[in-house]
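Hi,

Here is the structure I said I would pass along. Have a look at it first, and my notes on what turned up are below.

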Amino acid sequence: MVASKEIAAPYFTSWPVITETAWLLRNYPVAIRGLFQSIENGFLKVLDLDDHFVRWCLMFFERYEDIGVQLADASLVYLSEREKIVNVFTLDRRDFAIYRTTRNRALTIIP
């Protein structure tokens, strides 16, 4: 099992994840500032989603429509494929235990 402290920063994410996180933290403005400061200071690096994401996402949503896939989740699986990342930091263990990349690879869930 990989611990988050064993993986060097920066941690990669996407704007859909930042949006979802900010919404979850909406009642905690200090936490939202901390989130954006983490981007500013380089701890988090927000990767852009390219034109290929749209087609990929359509197929991903179709594949997992029965579990109510979220855009933030799809963006992380897509970026893991594109960037060849094998670890994902998520609190959504249930869904990420099911998701697979296009080549049927599971991601290692942290924590």
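**Helix packing, a pocket and some backbone oddities**

Before anything else, please keep in mind that this is a predicted model. I'll begin with the contact between the first two helices. On the helix 1 side, the residues are Trp 15, Ile 18, Thr 21 and Ala 22, and they meet Ile 32, Leu 35, Phe 36 and Ile 39 of helix 2. By class, this contact has 7 nonpolar residues and 1 polar one, with no charged residues.

As for the geometry, helix 1 covers residues 15–24 and helix 2 covers residues 29–40; their axes come within 10 Å and cross at roughly 160°. Helix 1 is therefore roughly antiparallel to helix 2. The crossing of this pair is right-handed.

Helix 1 also packs against helix 4. The axes of these two come within 8 Å, with a crossing angle of roughly 145°, and the crossing is left-handed. Here Pro 16, Val 17 and Glu 20 from helix 1 meet Leu 71, Ala 72, Ser 75 and Leu 76 from helix 4. That contact divides into 5 nonpolar residues, 1 polar and 1 charged.

Then there is helix 3, residues 52–63. Which residues does helix 3 bring to its contact with helix 4? They are His 52, Phe 53, Trp 56, Cys 57, Phe 60 and Phe 61, and their partners in helix 4 are Leu 71, Ala 74, Ser 75, Val 77, Tyr 78 and Glu 81. The two helices pack at an angle of about 120°, and their axes are 10 Å apart. This crossing is right-handed. Counted by class, the contact of helix 3 with helix 4 comes to 9 nonpolar, 2 polar and 1 charged. Leu 71 and Ser 75 are worth a click in the viewer: they meet helix 1 residues and also appear in the contact with helix 3.

Next, the pocket, which I suspect you will open straight away. The largest pocket holds about 970 Å³ of space. It is lined by 32 residues, and those closest to its centre are Thr 13, Val 17, Leu 76, Phe 89 and Thr 90. Which elements give two or more residues to that lining? Strand 1 (11–13), helix 1, helix 2, helix 4 (71–83) and strand 3 (87–89) do. The lining splits into 22 nonpolar, 7 polar and 3 charged residues. Val 17 and Leu 76 link this back to the packing, as both are in the contact of helix 1 with helix 4 and also among the residues closest to the pocket centre.

Last, a few backbone points to look at if you set anything up from these coordinates:

- Ala 9 and Pro 10 are joined by a cis peptide bond, with omega about 10°. Pro 10 sits in the segment before strand 1.
- Another cis peptide bond runs from Ile 110 to Pro 111, where omega is near 0°. Pro 111 lies in the segment after strand 4 (108–110).
- Lys 84 is not a glycine, yet its phi is positive, about 60°. You'll find Lys 84 in the loop between helix 4 and strand 3.

That's everything from my side. Shout if anything is unclear.

Cheers

Methods: Residues are numbered from 1 along each chain as its sequence is written. This is a predicted model: local features need pLDDT of at least 70, side-chain atom pairs count only at pLDDT 80 or more; totals for chains, interfaces and linings use all residues. Side-chain values use heavy atoms; hydrogens and water are left out. Axes are lines fitted to C-alpha atoms, for helices over the stretch in contact, and angles run from 0 to 180 degrees between N-to-C directions. Helices (H or I, at least four residues) and strands (E, at least two) are DSSP runs, numbered from the N terminus. Angles under 35 degrees count as roughly parallel, over 145 as roughly antiparallel, 65 to 115 as roughly perpendicular and the rest as oblique. A crossing is left-handed if the near helix is turned anticlockwise from the far one by less than a right angle, and right-handed if clockwise. Contact means heavy atoms within 4.5 Å. Ala, Val, Leu, Ile, Met, Phe, Trp, Tyr, Cys and Pro count as nonpolar, Asp, Glu, Lys and Arg as charged, and the others, Gly among them, as polar. On a 1 Å grid over the protein atoms alone, a cavity is a set of points where a 1.4 Å probe fits but cannot get out, and a pocket is an open set with protein on both sides within 12 Å along at least five of seven lines; lining residues have an atom within 4 Å of a point. Grid points are joined across faces, edges and corners, and a volume is the space filled by probe spheres set on the points.
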